[in-house]
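Thanks for making time this morning. I would like to take you through one structure, so please have the sequence and the model open while I talk.

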Amino acid sequence: QISPARDVQTMMTIKAMAGLSSNSVQYHVFELNYVMPKFAMYHCVEASQLTKKPEGYCSFFLSERPHRIWAWLQRSFIAIDDQMQQPQTADRRVVLDISFISLRTNEPLCMTMTTEHGGQFT
């Protein structure tokens, strides 16, 4: 299943057959296993590309260094560039600001981490 129904880590097996022509008798089979991360159904976007803001939010304190949060984001989501690690906001307290779009529901997901109180995550 290419689009998992829930946010779970999934193994994707890709098989490709290659031959000299479409009517070849012998084919070489290339096989690749790829582990799709848990949140593979969220696409990373720039905040300016969001058509709407999330309706609700949750704030909590996370006493973890920002680069460790960034490493978790890169392991758990697909195609996050290192350039996106730098917040695009003028507020110096913001150490992490990243936005996603759900590929299932087209709903936005925004994550922001500030230096307030040792690491406020919203």
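I will go through the largest pocket, then the salt bridges, and then a few single residues and a surface patch. Please keep in mind throughout that this is a predicted model, and that the values I quote are computed from it.

Let me start with the pocket. The largest pocket holds about 390 Å³ of space, and of the 20 residues that line it, the ones closest to its centre are P54, L109, C110, M111 and T122. Which elements give two or more residues to that lining? They are β5, which runs over 94–102, and β6, which runs over 108–114, and of the elements it is β6 that gives the most, with five residues. If you sort the lining by residue character, you find 11 nonpolar residues, six polar ones and three charged ones.

Now to the salt bridges, of which the count comes to four; I will describe three of them in turn.

The first one I want to show you joins the side chains of E107 and K52, with 2.9 Å from N to O. Where do the two partners sit along the chain? E107 is in the loop between β5 and β6, whereas K52 is in the loop between β3 (42–45) and β4 (60–61), so that the pair links distant parts of the chain, 55 residues apart. E107 has a relative accessibility of 32% and therefore counts as partly exposed, and K52, with a relative accessible area of 36%, is partly exposed as well.

The next one pairs R93 with E116, where the closest N and O atoms are 2.5 Å apart. Because R93 lies in the loop between α1 (66–76) and β5, while E116 lies in the loop between β6 and β7 (120–121), this pair ties together parts that are 23 residues apart in sequence. R93 is partly exposed, at a relative accessible area of 40%, and E116 is partly exposed too, at 26%.

In the third, R68 forms a salt bridge with E64, and here the closest N and O atoms are 3.5 Å apart. R68 is partly exposed with a relative accessible area of 44%, and E64, at 30% relative accessibility, also counts as partly exposed.

Let me turn to single residues, beginning with the loop between β5 and β6, where N106 is found. N106 is not a glycine, and yet it has a positive phi of about 65 degrees. Is N106 buried or exposed? It is exposed, because its relative accessible area is 53% and the cut-off for calling a residue exposed is over 50%.

F77, which is found in the loop between α1 and β5, is a contrasting case, since at 3% relative accessibility F77 counts as buried. The C-alpha atoms of F77 and H28 are separated by 32 Å, and these two residues are 49 residues apart along the chain.

Finally, the surface patch. M17, Y27 and V29 form a nonpolar patch on the surface, and together they have about 310 Å² of accessible area. Of these, Y27 is found in the loop between β1 (10–18) and β2 (28–36), and with a relative accessibility of 36%, Y27 counts as partly exposed.

That is what I wanted to show, and I am happy to go back to any of these residues on the screen.

Note on methods:
Residues are numbered from 1 along each chain as its sequence is written. This is a predicted model: local features need pLDDT of at least 70, side-chain atom pairs count only at pLDDT 80 or more; totals for chains, interfaces and linings use all residues. Side-chain values use heavy atoms; hydrogens and water are left out. On a 1 Å grid over the protein atoms alone, a cavity is a set of points where a 1.4 Å probe fits but cannot get out, and a pocket is an open set with protein on both sides within 12 Å along at least five of seven lines; lining residues have an atom within 4 Å of a point. Grid points are joined across faces, edges and corners, and a volume is the space filled by probe spheres set on the points. Helices (H or I, at least four residues) and strands (E, at least two) are DSSP runs, numbered from the N terminus. Ala, Val, Leu, Ile, Met, Phe, Trp, Tyr, Cys and Pro count as nonpolar, Asp, Glu, Lys and Arg as charged, and the others, Gly among them, as polar. Patches are made of residues with over 30% relative accessible area and no salt bridge: like charges are joined within 9 Å, nonpolar side chains (Val, Leu, Ile, Met, Phe, Trp, Tyr) within 5 Å. Accessible areas come from the Shrake-Rupley method with a 1.4 Å probe; for residues, only the protein chains shown count as cover. Buried means under 20% relative accessible area, exposed over 50%, partly exposed in between (1.4 Å probe, protein chains only).
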